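Q: Could you take me through one part of this structure closely? I would like to see how a single helix sits among its neighbours.

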Amino acid sequence: MAIKYIKFVASRLIGTLVDTLVLWGLSSYIFSSYIGHYIVAPTISFEFAVFSNFLLSYYWIWRKRISTKNIKTFIARFAIFNISCVLGFIVKMAFLLLFEKLFGWDVVFCNLAALLISGIVNFVLAEFVVFKKRPPIIEPLNEMESLKNINY
């Protein structure tokens with residue numbers, strides 16, 4: 001599980017880079033209003049990062065747990081992944097505000113501390129909910145089908 005967590009952290013660093021680049025591009029070249037800069041652009045960049053993180057999770061970190069790969073399962077897992085990321089974001093914001101209230105730290109330090117906690121929450125959600133290890137049900141069914149062809 002330690003290697004999986006290291007891959008998870010690496011993928012989230014890539015996601016942070018994606019988020020930052022998309023946010024910079026949107027706020028520099030697309031949006032000029034306050035709402036565009038501080039609400040629309042960050043929302044779009046967050047979703048780009050979520051999608052990037054999902055792709056890395058789906059095809060790299062938890063690829064062995066996905067027995068059926070088709071568009072339906074891809075979209076279903078992405079929807080659950082997206083919800084788990086929003087939950088992680090809510091946890092991050094709660095701890096960010098808590099640390100500010102308790103310690104009076106600068107927002108950057110509160111954010112970093114909160115990211116450590118929300119990162120663990122996101123990993124746990126990905127490990128045990130989104131990419132949960134499921135029992136291999138197809139193999140036993142195939143074996144049962146092959147038993148029908150045995151001549152006694």
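A: Happy to: here is a look at helix H3, with its surroundings first and its neighbours after. Please keep in mind that this is a predicted model.

Let's start with the setting. The chain has five helices and zero strands, so the order of elements from the N terminus reads α-α-α-α-α by definition of the DSSP runs. Of its 152 residues, 30% count as buried. Among contacts with a separation of 6 or more, 63% join residues 24 or more positions apart.

Now to H3 itself. Helix H3 covers residues 71–103 and has 33 residues. From its first C-alpha to its last, H3 reaches 47 Å, close to the 48 Å expected at 1.5 Å a residue. Its buried residues include several phenylalanines, namely Phe74, Phe78, Phe81 and Phe99. Arg77 and Lys92 are buried in H3 too, as are Asn82, Ser84, Cys85, Gly88 and Leu96. These buried residues pack against H1, H2 and H4.

One of those partners, H2, is worth a closer look. Helix H2 runs over residues 34–61 and has 28 residues. H2 reaches 37 Å from first C-alpha to last, close to the 40 Å expected at 1.5 Å a residue. H2 bends by about 30° at Val40, and Pro42 follows within four residues. Among the buried residues of H2 are Gly36, Ala41, Ser45, Ala49, Phe54 and Tyr58. The buried residues of H2 pack against H1 (2–30) and H3.

On to the next partner, H4. Two packed helices are described by the angle between their axes and the distance between the axes. Helix H4 spans residues 107–130. The axes of H3 and H4 come within 8 Å and cross at roughly 150°. An angle over 145 degrees counts as roughly antiparallel, and H3 and H4 are therefore roughly antiparallel to each other. H3 passes H4 in a right-handed crossing.

Finally, the loop between H3 and H4 holds Trp105. Is this tryptophan buried, exposed or partly exposed? Trp105 has a relative accessible area of 39%; buried means under 20% and exposed over 50%, so Trp105 is partly exposed. Leaving aside neighbours within four places in sequence, Trp105 is in contact with Phe99, Glu100, Cys110 and Ala113. Phe99, one of these contacts, is also among the buried residues of H3.

Definitions and conventions: Residues are numbered from 1 along each chain as its sequence is written. This is a predicted model: local features need pLDDT of at least 70, side-chain atom pairs count only at pLDDT 80 or more; totals for chains, interfaces and linings use all residues. Side-chain values use heavy atoms; hydrogens and water are left out. Helices (H or I, at least four residues) and strands (E, at least two) are DSSP runs, numbered from the N terminus. The expected span of a helix is 1.5 Å times one less than its number of residues. The bend at a residue is the angle between axes fitted to the seven residues ending there and the seven starting there. Buried means under 20% relative accessible area, exposed over 50%, partly exposed in between (1.4 Å probe, protein chains only). Contact means heavy atoms within 4.5 Å. Axes are lines fitted to C-alpha atoms, for helices over the stretch in contact, and angles run from 0 to 180 degrees between N-to-C directions. Angles under 35 degrees count as roughly parallel, over 145 as roughly antiparallel, 65 to 115 as roughly perpendicular and the rest as oblique. A crossing is left-handed if the near helix is turned anticlockwise from the far one by less than a right angle, and right-handed if clockwise.
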